[in-house]
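Biologist: I'm new to this one, so could you take me on a close look at a single part, the sheet with mixed pairing, and show me what sits around it?

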Amino acid sequence: MSLEVEGLEVAYGAVKVLHGVSLRVEPGEIVAVIGANGAGKTTLLRAISGLLRPSAGRIRLDGQEITGWPPERIVALGVIQIPERRQLFASMSVEDNLRLGAYLRLRRGERKAVEADLERVYALFPRLKERRRQTAGTLSGGEQQMLAIGRGLMACPRILLLDEPSLGLAPLLVQELFRIIADLRRQGLTLLLVEQNARQALRAADRAYVMEIGRIVREGPAAALLEDPAIQAAYLGGA
Ligand code: ATP
């Protein structure tokens with residue numbers, strides 16, 4: 001699925017937070033948006049998902065304009081956001097959380113396909129399978145992040161919007177997470193990834209955008225940004 005964002009402006013009350021953001025994601029690409037705290041990355045994802053209504057600009061999916069559509073219609077098209085604070089149902093089991101991700105599909109009667117996807121998610125995250133009867137609230141932070149992504153996959157996404165997936169993960173888990181992200185792309189998924197962990201995001205992505213206080217200030221192939229001295233100084237600890 002392709003995504004195009006053009007001149008997007010979003011405000012919280014009188015405070016404008018996105019000042020004309022434009023970006024595109026081609027089918028099968030991993031695109032990263034990097035930027036400091038408060039740059040507006042989460043706001044951008046929430047606007048794409050329909051959770052925030054832009055005051056100007058356009059959002060298109062596969063060429064179809066969806067600006068101002070309610071979130072449930074956007075989800076139904078296969079745009080699935082994995083929120084930064086995971087938003088799991090803490091007292092429900094791992095497996096029930098996963099099934100909830102497929103709620104709309106179950107209502108459409110896709111029971112068989114949902115069962116097959118459950119096995120796919122367990123194959124991707126064996127740890128979740130081992131812990132499928134455990135309540136989500138008792139999982140470690142890393143396991144909860146895996147569960148949040150697994151739940152998103154259960155919705156049969158055509159584009160996955162990932163908000164800070166590496167936040168709070170130990171280095172080894174971050175590596176594993178990015179390996180899984182690469183696997184998902186190989187399976188044909190399109191991904192838009194918002195990250196403060198610029199190095200990992202640029203390594204994983206095909207292309208990237210740099211966001212500063214509500215504006216895109218740079219864009220290009222991720223490999224080129226990774227080598228760029230100005231990006232290194234500002235976002236990669238100077239290395
Ligand atoms: P982080 O990496 O810290 O999550 P971010 O790049 O995702 O940052 P946003 O969460 O999009 O940034 O926030 C952008 C700006 O909008 C910040 O200045 C933030 O304080 C402000 N903001 C976010 N949500 C709201 C809200 N509900 N009401 C008012 N201001 C908000």
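**Around the mixed sheet**

Modeller: Let's start with one pair of residues: Glu212 stands opposite Arg215 in S10. Keep in mind that this is a predicted model. The two strands involved here are S9, residues 207-212, and S10, and they pair in the antiparallel sense over six bridges.

Now zoom out a bit. S9 and S10 belong to an open sheet of six strands, and if you walk across it the order is S6-S7-S8-S3-S9-S10, with mixed pairing. As general background, strands of a sheet pair through backbone hydrogen bonds, and the pairing can be parallel or antiparallel. At the two edges of this sheet you'll find S6 and S10 (215-221), each of which pairs on one side only. Going from one strand to the next, the twist averages 15°. Helix H7 packs on this sheet, where it touches S6 and S7 (159-163), and the direction of H7 makes about 170° with that of S6.

Let's follow H7, then. Besides the sheet, H7 packs with helix H8 (residues 171-186), at an angle of about 10° and with the axes 11 Å apart. Angles under 35 degrees count as roughly parallel, and H7 and H8 are therefore roughly parallel to each other. On the H7 side, the contact is made by Gly142, Met146, Ile149 and Leu153, and on the H8 side by Leu173, Leu177, Ile180 and Leu184. Sort the residues of that contact by class and you get seven nonpolar, one polar and no charged.

S6 and H7 turn up again at the largest pocket. S6 (79-82) and H7 (141-154) each supply at least two residues of its lining, and so do H1 (41-48), H2 (71-76), H3 (94-101) and H4 (103-107). The largest share, five residues, comes from H2. In total 33 residues line the pocket, and those nearest its centre are Val75, Ile80, Gln81, Pro83 and Arg151. The space inside is about 900 Å³. By class, the lining has 17 nonpolar, seven polar and nine charged residues.

One last stop, by way of H1. That helix leads us to another open sheet, this one of four strands in the order S2-S1-S4-S5, with antiparallel pairing. Its edge strands are S2 (15-25) and S5 (64-65). H1 packs on this sheet and touches S1, S2 and S4, with its direction at about 115° to that of S1.

How values were computed:
Residues are numbered from 1 along each chain as its sequence is written. This is a predicted model: local features need pLDDT of at least 70, side-chain atom pairs count only at pLDDT 80 or more; totals for chains, interfaces and linings use all residues. Side-chain values use heavy atoms; hydrogens and water are left out. On a 1 Å grid over the protein atoms alone, a cavity is a set of points where a 1.4 Å probe fits but cannot get out, and a pocket is an open set with protein on both sides within 12 Å along at least five of seven lines; lining residues have an atom within 4 Å of a point. Grid points are joined across faces, edges and corners, and a volume is the space filled by probe spheres set on the points. Ala, Val, Leu, Ile, Met, Phe, Trp, Tyr, Cys and Pro count as nonpolar, Asp, Glu, Lys and Arg as charged, and the others, Gly among them, as polar. Two strands pair if DSSP finds at least two bridges between them. Contact means heavy atoms within 4.5 Å. Axes are lines fitted to C-alpha atoms, for helices over the stretch in contact, and angles run from 0 to 180 degrees between N-to-C directions. Angles under 35 degrees count as roughly parallel, over 145 as roughly antiparallel, 65 to 115 as roughly perpendicular and the rest as oblique.
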